[in-house]
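Q: Please give me a close account of one part of this structure, following its strands and how they are arranged. I should like the terms explained as they arise.

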Amino acid sequence: MTCSCLARVVLLGSAAVSSPPSADVQVQRNGRQLLNTCSLCCCAPVQVQWFPNGEQLVTSSADKSVRCWDAEAGVQIKRLTEHKSIVNSINPLQRGPQLFVSGGDDSQVKVCTQPPWCCLLSIEAAPCSGHL
């Protein structure tokens, strides 16, 4: 099944990441589709970020995973499943070691490395005692 509704397009360098309300993600560079993840057949991406090298993407997902992608080939490189709930955010380090962090509804922050694509550190957030 092909998804045709594109609600927003975010320009990231020389590529565009499109994400419709159904959580499908399409990545295009110079008019050529590089990557397409569909909530109907794969994960439901919550956030998409480029690694600084511009050749790889990382997605956080509602399926409790973080996925790393080869953007040019359009293939998944690695699926990390350390989170126990929805992964809401992901952010690669822009300088220095090849690290990225993810945060999820499990109150966990994971610090991971690319390659060898593994979790180096887990930080558990303190329970919330109320709202301001």
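A: Strands β5 and β6 form a hairpin in which five residues lie between the two strands. In that turn, Gly54 has a positive phi of about 75°. Strands here are DSSP runs (E, at least two residues; helices are H or I runs of at least four), numbered from the N terminus. The model is a predicted one, in which local features need pLDDT of at least 70, side-chain atom pairs count only at pLDDT 80 or more, and totals for chains, interfaces and linings use all residues. Residues are numbered from 1 along each chain as its sequence is written, and side-chain values use heavy atoms, with hydrogens and water left out.

The two arms of this hairpin, β5 and β6, pair in the antiparallel sense over five bridges; two strands count as paired if DSSP finds at least two bridges between them. Across this pairing, Gln49 stands opposite Val58 in β6.

A hairpin also joins β6 to β7, with four residues between the strands. Here it is Lys64 that takes a positive phi, near 75°. Strand β6 covers residues 56-61 and β7 covers residues 66-70, and their antiparallel pairing runs over five bridges. Within it, Gln56 stands opposite Asp70 of β7, while Leu57 faces Trp69 of β7.

These strands belong to an open sheet of four, in the order β5-β6-β7-β8, with antiparallel pairing. Its edges are β5 (45-50) and β8 (75-80), each of which pairs on one side only. From one strand to the next, the twist averages 25°; the strand axes are lines fitted to C-alpha atoms (for helices, over the stretch in contact), and angles run from 0 to 180 degrees between N-to-C directions.

Which way do the residues of β6 point? Gln56, Val58 and Ser60 point one way from the strand, and Leu57, Thr59 and Ser61 point the other way. Residues in both sets are buried, a term that means under 20% relative accessible area (exposed is over 50%, partly exposed in between, with a 1.4 Å probe and protein chains only). Because six of the six residues of β6 are buried, this strand is largely enclosed by the rest of the structure. Gln56 and Leu57 are thus among the buried residues of β6, and Val58, the partner of Gln49 across the β5 pairing, is buried as well.
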